[in-house]
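Trainee: Could you take me closely through the sheets of this structure, together with a few of the residues placed in and around them? I would like a connected account that I can follow with the model open beside me.

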Amino acid sequence: NFTPTLFNHATFGLSRYQNVFNQLPEHRQDWPQQLGLEGVATDDASSFPIVTFTDSLTGFGNNPKTVGAQQNWTYEFNDGLTWLKGRHEFKMGYQYHRGRTFQHPADQALVQGVFAFNNLQTADPSRLATTGYSFASFLLGNVYRAQRNFYGTKDGVNNLYRGHSLYFQDNFKVNSRLTLNLGLRYEIYVPRTDTNLTLSAFDPNIPNPAADGLLCALSFAGKGPGRNGRERFGDIYWNNLGPRIGFALRVTDKTVFRGGYGMYYSAANGNTGGGCFPCGWGTSAAPEVRSPGGVAPALNWDGGFQPPPGFVPPPIIDPSYANGTSTVLMLSKEDGLAGRVQNWHFNIQQELPWGLLLDAAYIGSYSTRLNNYVPFNQLDPKYLR
């Protein structure tokens, strides 16, 4: 308290929590060497392979992550000043929010390999639906589908995202019957950036060298050869103004009207608040091989896991790296938009005889940009070649 009519309130907070994915020691016993399984991880991330069956059989191995840790830190600072002057109550302040999500070591999921067996590899070709047995295919080592993840770095994402807010409000007692609440809030959201340079996304405005130069290719954030020179994909939007207007009117000693309108912003989109788009192209890969035609095995696991021909393990910076895969389109500008919510209400309170109170209200809300800014409509046929 500086004076009886002027005081300041400041707070700082830090919250931290972490998830650790290290498997128990009994699950990490140099299983690739013991099993003679090649082509899978043999370092500190090695583990028992994941084996699945059809025919309602229980598989082996059930934890996709072998090693890794994710930590989430949130910093918050708030400072508010209140000044009472005559019929005014002025409130003003600043709020800061900083979120950090980082992985050290990076999550190592499915590096031990996934091997799926079904009945087709031991079935009668003329009676595929009723013959064969997945465990028999397993005894022969004939794998129907195999997958193994590769990671190009031991350190995963180190995402940072921040928010700044300034506000001012005047609670003005016009007279004994009318009070006005007039305020304005200004918010800035700084979209995520990754100091470990793992962010990549599809940019619809750059040519793809492996697709005859058609527009739409991978773009890699950061500075250096092959990167786009940007720290982040989402732009910073500077127009997040949120007006707040309210009133309370005592019409008579038994009748009161109240109403108000406010515009609010939320870090709801992927880049403004920490939600994640697929963003690891070039730093991780999940090659998969499947049975050609369904009957012949994809591979025999006596020879270990074998990626598809031409597979290049990460890290690799190549705008065509994810060609032929399913993708999510990340826009370079709108992904930094903050969600916006508009609320309004009108309220009447009437004192009735016999100590009764009638309270009636209308409440409205309109929200926009609350989800990731991704176009969900079907692709325009003009882009199909």
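Mentor: A word on exposure comes before the sheets: a residue is called buried under 20% relative accessible area and exposed over 50%, and partly exposed in between. Please keep in mind as well that this is a predicted model.

Let us begin with the nine-stranded sheet, which is open and has its strands in the order β1-β4-β5-β11-β12-β15-β16-β20-β21, with antiparallel pairing. Its edges are taken by β1 (6-20) and β21 (356-368), each of which has a single partner strand, so one side of each is left without a neighbour in the sheet. From one strand to the next, the twist averages 10°. At the β21 edge, strand β20 (residues 339-352) runs antiparallel to β21 and is joined to it by 13 bridges, and within this pairing Phe346 has Tyr362 of β21 as its bridge partner.

Two residues of this sheet deserve a closer look. Phe102 belongs to strand β5 (residues 88-103) and is buried, because its relative accessible area is 10%; measuring from C-alpha to C-alpha in the model, Phe102 and Gly183 are 37 Å apart in space, while 81 residues separate them in sequence. Asn159, in turn, is found in strand β11 (residues 158-173) and is also buried, with a relative accessible area of 5%, and its side chain makes a polar contact of 3.3 Å with the side chain of Arg192.

The four-stranded sheet is likewise open, with the order β2-β7-β9-β18, but here the pairing is mixed. β2 (50-53) and β18 (288-290) stand at its edges, and since each has a single partner strand, one side of each is left without a neighbour in the sheet. Here too the twist averages 10° from one strand to the next. At the β2 edge, four bridges pair β2 with strand β7 (residues 114-117) in the parallel sense, and the bridge partner of Phe53 in β7 is Phe117. As background to both sheets, strands pair through backbone hydrogen bonds, in either a parallel or an antiparallel manner.

Turning from the sheets to the surface, Phe60, Tyr133, Phe135 and Leu139 make a nonpolar patch of about 380 Å². One of these residues, Phe135, lies in helix α2 (residues 134-140), and it counts as partly exposed because its relative accessibility is 30%.

Notes
Residues numbered from 1 in each chain as written. Predicted model: local features only at pLDDT ≥ 70, side-chain atom pairs only at ≥ 80, totals over all residues. Heavy atoms only, no water. Patch = residues over 30% accessible without salt bridge, like charges linked within 9 Å, V, L, I, M, F, W, Y side chains within 5 Å. Areas by Shrake-Rupley, 256 points an atom, 1.4 Å probe, with all protein chains shown as cover. Salt bridge = Lys/Arg side-chain N within 4 Å of Asp/Glu carboxyl O. Helix = DSSP H or I, 4+ residues; strand = E, 2+ residues; numbered from the N terminus. Buried < 20%, exposed > 50% of the residue type's maximum accessible area, 1.4 Å probe, protein only. Pairing = 2+ DSSP bridges. Axes fitted to C-alpha atoms, helices over the stretch in contact; angles between N-to-C directions. Polar contact = N/O pair within 3.5 Å; in protein donor to acceptor, adjacent residues only side chain to side chain.
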